[in-house]
Every structure is written in C-alpha cells, then in structure tokens.
Amino acid sequence: MMRILTLSYEFPPIGGGGSRVVAGLAGQLARAGHAVDLVTMAFQELPRRETVDGIEVHRVRCFRRSASICSPGEMAVYLMPALRRARGLAQTRRYDLIHAHFIFPDGVLALALAHLTGLPYVITAHGSDVPGFNPDRFRAMHRVLAPLWRRVVRGAELLISPSHNLTRLIDRAAPAARTVLIPNGIAPARYRADRPRLRRILVVSRLFERKGVQNLIRALAGVTHDHELHVVGAGPYQPELRALSERLAVPVNFHGWLEPGSAMLAELYETASIFVLPSEMENFPIVLLEAMAAGAAIVTTRGTGCDEVVGDAGVLVPPGDPAALRAALVPLMADPSACRALGAAARRRLEQRFSWAAVARRYTEVYQDVIGAPPGVPEAAGVAV
C-alpha cells in the first residue's frame with residue numbers, strides 16, 4: 001500500500017474533464033488499497049471534508065465564481081490555503097509521494113511542498129497548463145510565468161502526459177522534461193450503451209471558439225434532417241453560438257453546464273445517435289470517452305488529439321472545416337444502422353484500452369519507480385471497474 005497526497009484545484013462537481021480524470025484515477029487507487037488524500041478548492045456549500053469513493057477530500061476556502069471555469073487569479077488565491085492544508089497533512093501522515101494534477105496551479109503547490117517536506121512529486125498535465133495548448137485564454141499567463149513553469153517541470157520526478165499531441169507541446173516548451181505517456185480512463189459501466197437511440201446530435205464541451213461548435217452549426221445550415229442538436233456546456237463563446245444558430249436558422253438546444261454524473265447528462269449521452277466534438281486542439285478529452293462508453297457514433301477531428309482517443313472507431317474530419325463535417329454527418333443521419341455499428345466499435349475500443357483498471361496499473365508502476373518500491377505487488381491488478 002502507498003500513501004498518496006493528490007493535489008488538484010478541480011474535483012467533481014467542479015471543473016471539466018480533468019476533474020473527472022482526477023476522481024476516476026484516485027477512486028481506482030483507493031479501491032486498490034492505497035490511501036489517497038486529496039486537496040482541492042472549496043465551492044459554495046460543498047463539504048470542507050468528506051470521503052468520496054474512498055478518497056479523503058479536503059477542500060480549502062478560496063474565491064471561485066464558476067463551477068465550470070477558473071481564472072488565473074482564482075488559481076493564485078487558492079495556492080496559500082492549499083499549501084497550509086497540504087503541509088499540515090504531510091506533517092501528520094507518512095506520504096510516499098505527491099501527485100499533482102495540472103502544472104498550474106497544483107504543480108506550483110507540489111514544488112513548494114517538496115521543498116518543505118522532501119517528498120518527491122509527479123505531475124499529470126491536462127492541456128491548458130502547457131504553453132501553446134490554449135493560447136486564447138492562457139498565452140499571457142504562460143509568457144509571464146515561463147520561468148516558474150520550467151522550474152516546476154524540472155522539479156518533478158516525472159511529467160505524465162495523456163496524449164502524443166500534448167507530449168509534443170511539452171517537449172517544445174521543456175525538451176529536458178522526463179515525460180511518460182499514460183492515457184486518461186473511464187469506468188465503462190458508468191454509461192449504458194444499450195438504450196434506444198433518438199434522432200439526436202450531441203456536443204458536450206466548454207464553449208470556447210477553439211472547440212469548433214460554430215463549425216457544426218455551419219455544417220447543418222441548409223441541411224434537411226430530422227435530428228435535434230443538443231449542446232451541453234458553458235463558456236464565453238456561448239452568445240456568439242446562439243447568435244449564429246439564429247442567423248443560420250439552425251435550431252440548437254443549449255443546456256448550459258450540467259454537473260458531471262447528473263441524470264440529465266447521462267440521458268443525453270445514452271440516447272444520442274451521434275456525438276460530435278469538432279475541436280481544433282485537445283489533450284485526451286474525457287467527453288469522447290464518455291460518448292464511447294455510451295455507444296454513440298462519434299464524429300471528431302483529425303490531428304487534434306481526438307483521433308488518439310477514437311482511432312478507427314469514429315469518423316475523423318479536418319478541424320475548422322464545416323463542409324467536411326456536413327459530408328460526415330449527412331450519411332450518418334440517414335443510416336441508423338451505421339450509427340449503431342460505429343457506436344458498438346467505440347464501446348469495444350474503450351473497454352479494451354481505457355478502463356480505469358488498466359490506466360491505474362500504469363500509474364502504480366510510475367509511483368513504484370519514483371519511490372523505489374519493488375514491482376509486482378497486486379494493488380491495481382485485477383480490480384474491476
């Protein structure tokens with residue numbers, strides 16, 4: 001058994017796909033018999049301390065306005081109370097290592113804790129914490145804080161990247177970084193893949209321009225079909241998307257942000273015939289894993305990190321190309337059997353490659369390498385999800 005101090009400013013119900021990775025991995029490790037403490041942000045009326053899926057969760061007071069989006073300033077405010085709480089835990093519990101999720105802000109926290117406690121740390125990068133991944137939001141932050149970013153990365157025993165796409169960006173920013181590739185995971189049983197399908201197209205995404213939802217709306221403009229378009233997510237680009245859908249006469253059901261694990265979100269995943277993620281840049285999107293678990297036919301973009309997830313179990317189109325999206329969607333909307341076949345292939349690929357049992361085994365090996373523990377212990381092996 002290992003004792004792991006996990007740091008992540010986002011943990012369900014707040015945050016996006018990265019927070020669900022944190023919860024899934026930490027829960028799997030706890031089920032395997034490891035002791036996992038997690039320090040994260042408080043939000044509204046969430047308990048300051050509770051046990052979630054075997055994880056002892058410690059939420060620290062800070063200022064955060066939105067459940068779905070966190071600004072650099074809000075991240076900075078989180079650091080000092082999180083450091084105090086994490087240091088207090090480290091003084092009373094014999095941790096083997098620190099696992100920080102996100103280079104910013106939690107890598108900064110891990111660097112400070114390592115200096116104060118001598119504990120080694122590893123970091124899982126999730127996308128926007130790497131320069132060049134999300135220049136629309138974080139270009140200025142990465143430019144100003146580049147020396148600190150490099151120091152955090154240098155101090156880590158290992159930097160874990162979920163995708164080749166993100167690894168290339170890390171190598172460009174820090175060529176000497178010690179990087180290992182471990183994909184994100186999901187519990188396949190979280191979603192049913194056997195429910196009757198409605199004539200429904202689903203998008204689940206934070207609403208930024210680079211996510212490409214505008215290209216999907218343009219792709220459907222002027223196309224005669226009987227499918228509903230549902231968009232789940234919040235973000236600053238939502239007003240532009242609403243205006244575009246009205247201007248092009250493409251009806252869109254905008255649901256806003258839905259809490260991960262909610263019955264409404266599960267119903268949308270499990271009954272949609274087609275799931276579309278038209279993003280221009282991704283890391284290893286959890287929404288694609290969720291759509292694969294639910295057995296939806298997937299249309300997404302090539303060369304963006306999305307193709308690493310779906311492989312040949314989805315339809316791939318160039319990013320930023322409404323005409324290519326239209327050419328992919330029109331045949332699927334006309335052929336429910338093709339949608340079912342694609343959805344079944346996606347579910348099979350998920351079960352074979354991306355279950356949390358398989359992913360947690362890789363993380364356990366990394367932890368053992370870092371702390372010098374002997375291999376071959378049965379912690380993650382054989383744990384069902």
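Helices, as the word is used here, are DSSP runs of H or I with at least four residues, numbered from the N terminus. Just after one of them, α10, Gly 295 takes a positive phi of about 75 degrees. The structure is a predicted model, and the points below describe two open sheets, one of eight strands and one of six strands, together with the largest pocket, which has a volume of about 330 Å³.

**The eight-stranded sheet**

- Eight strands form an open sheet with mixed pairing, and their order across the sheet is β3-β4-β2-β1-β5-β6-β7-β8.
- At the edges of this sheet stand β3 (49–52) and β8 (179–181), each of which has a single partner strand, so one side of each is left without a neighbour in the sheet.
- When direction is ignored, neighbouring strands of this sheet are turned against each other by 25 degrees on average.
- Strand β1, covering residues 3–7, pairs in the parallel sense with strand β5, covering residues 97–101, and four bridges join the two.
- Within this pairing, Leu 5 has Ile 98 of β5 as its bridge partner, while Leu 7 stands opposite Ala 100 of β5.
- Helix α3 (residues 103–117) packs on the sheet and touches β1, β5, β6 (121–124) and β7 (158–161), with a direction that makes about 160 degrees with that of β5.

**Strand β5 and its surroundings**

- Strand β5 also runs parallel to β6, to which it is joined by four bridges, and the bridge partner of His 101 in β6 is Thr 124.
- Five of the five residues of β5 are buried, so this strand is largely enclosed by the rest of the structure.
- Both faces of β5 are covered, since the buried residues are Leu 97, His 99 and His 101 on one side and Ile 98 and Ala 100 on the other.

**The six-stranded sheet**

- A second arrangement is an open sheet of six strands, in which the pairing is parallel and the order is β11-β10-β9-β12-β13-β14.
- Its edge strands are β11 (253–256) and β14 (315–317), each of which pairs on one side only.
- From one strand to the next, the twist of this sheet averages 20 degrees.
- Strand β9 (residues 198–204) pairs with strand β10 (residues 228–232) in the parallel sense over five bridges, and the bridge partner of Val 203 in β10 is Val 231.
- Helix α9 (residues 263–271) lies across β9, β10, β11 and β12 (272–277), and runs at about 120 degrees to β9.

**Helix α10**

- Eight of the eight residues of helix α10 (residues 286–293) are buried, so this helix is largely enclosed by the rest of the structure.
- The buried residues of α10 are Ile 286, Val 287, Leu 288, Leu 289, Glu 290, Ala 291, Met 292 and Ala 293.

**The largest pocket**

- The volume of the largest pocket is about 330 Å³, and of the 18 residues that line this pocket, the closest to its centre are Pro 12, Arg 20, Ala 23, Gly 24 and Arg 190.
- Helix α1 (residues 17–31) gives the most to the lining of the largest pocket, contributing five residues.
- By residue type, the lining of the largest pocket divides into 11 nonpolar, three polar and four charged residues.

Methods
Residues are numbered from 1 along each chain as its sequence is written. This is a predicted model: local features need pLDDT of at least 70, side-chain atom pairs count only at pLDDT 80 or more; totals for chains, interfaces and linings use all residues. Side-chain values use heavy atoms; hydrogens and water are left out. On a 1 Å grid over the protein atoms alone, a cavity is a set of points where a 1.4 Å probe fits but cannot get out, and a pocket is an open set with protein on both sides within 12 Å along at least five of seven lines; lining residues have an atom within 4 Å of a point. Grid points are joined across faces, edges and corners, and a volume is the space filled by probe spheres set on the points. Ala, Val, Leu, Ile, Met, Phe, Trp, Tyr, Cys and Pro count as nonpolar, Asp, Glu, Lys and Arg as charged, and the others, Gly among them, as polar. Two strands pair if DSSP finds at least two bridges between them. Axes are lines fitted to C-alpha atoms, for helices over the stretch in contact, and angles run from 0 to 180 degrees between N-to-C directions. Contact means heavy atoms within 4.5 Å. Buried means under 20% relative accessible area, exposed over 50%, partly exposed in between (1.4 Å probe, protein chains only).
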